[in-house]
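Here is a short briefing to keep beside you while you turn the model around on your screen. Take a look at the fold, then work through the points at your own pace.

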Amino acid sequence: MAMAFKMATTGMWVTEECKSSFMEMKWKKVSRYIVFKIDEGSRLVTVDKVGGPGEGYDELAASLPVDDCRYAVFDFDYVTVDNCRKSKIFFIAWSPTASRIRAKMLYATSKAGLRRVLEGIHYEVQATDPTEMGMDVIKDRAK
């Protein structure tokens, strides 16, 4: 097995691919977002989807399943009122109402461990439906 980082409280492991994909997004800007999922069988947090540099927030929102939980990170670029370009990384904990209770509990208890591995996250958004993680929410938090 490739290098993984253990999350002590849940017994889950975060794959090296999760960390390396995040670092490439953060420093090299090779992707706009990353979606992570938990494989309950192997007890691994893995990369589910990587959005290219040309993809945006709408593609991220569309890639989240309506009936299962996921984690996502999104690199939000914006311009301040002083005309200064900035970038903030958002961590999104997606737990839709239609997902199984077991999945909701597993994702809720594993979230802190994944966040520790992904260093450099500025803001966190928890959402159970798309309106709770809309672009208006992201823009408001980034101010």
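The notes below cover the annotated domain, the strands, the aromatic pairs and the largest pocket.

This is a predicted model, so please read it with that in mind. The UniProt record, an unreviewed entry, places the feature "domain: ADF-H" at residues 11–143. Within that span, helix accounts for 34% and strand for 33%, and the C-alpha atoms at its two ends lie 36 Å apart.

**Strands β2, β3 and β4**

- Strand β3 (residues 33–39) and strand β4 run antiparallel and are joined by seven bridges.
- One place to look for this pairing is isoleucine 34, whose bridge partner in β4 is valine 50.
- Four residues sit between the strands in the hairpin of β3 and β4, and there arginine 43 takes a positive phi near 60°.
- β4 (residues 44–51) also pairs with strand β2 (residues 12–15), in the parallel sense and over two bridges.
- In that parallel pairing, valine 14 stands opposite valine 45 in β4.
- If you are tracing side chains here, remember that in a regular strand they alternate between the two faces of the sheet.

**The β6–α3–β7 crossover**

- Strand β6 (residues 85–94) runs parallel to strand β7 (residues 123–127), with five bridges joining them.
- To get from β6 to β7, the chain passes through helix α3 (residues 101–117), and this β-α-β crossover is right-handed.
- Alanine 93 is a handy marker for the pairing, as it stands opposite glutamine 126 in β7.

**Aromatic pairs**

- Seven aromatic pairs turn up when the whole structure is searched.
- One of them brings together tyrosine 57 and phenylalanine 74: the ring centres are 4.8 Å apart and the planes meet at 70°, which is over the 60 degrees cut-off, so the pair counts as edge-to-face.
- Tyrosine 57 belongs to helix α2 (residues 57–63) and phenylalanine 74 to strand β5, so this pair ties together parts that are 17 residues apart in sequence.

**The largest pocket**

- The largest pocket holds about 160 Å³ of space.
- Which residues line the largest pocket? They are Phe76, Tyr78, Val79, Thr80, Val81, Lys139, Ala142 and Lys143.
- By type, the lining divides into five nonpolar residues, one polar and two charged.
- β5 (70–79) and α4 (135–142) each supply at least two residues of this lining.
- β5 gives the most to the lining, with three residues.

How values were computed:
Residues numbered from 1 in each chain as written. Predicted model: local features only at pLDDT ≥ 70, side-chain atom pairs only at ≥ 80, totals over all residues. Heavy atoms only, no water. 1 Å grid on protein atoms, 1.4 Å probe; cavity = no way out; pocket = protein on both sides within 12 Å on 5 of 7 lines; lining within 4 Å. Points joined across faces, edges and corners; volume = space filled by probe spheres on them. Nonpolar A, V, L, I, M, F, W, Y, C, P; charged D, E, K, R; others polar. UniProt positions renumbered as here; feature names shortened; annotations may be inferred. Pairing = 2+ DSSP bridges. Right-handed = clockwise from strand over helix to strand, strands pointing away. Phe/Tyr/Trp six-rings, centres within 6.5 Å; stacked < 30°, edge-to-face > 60°.
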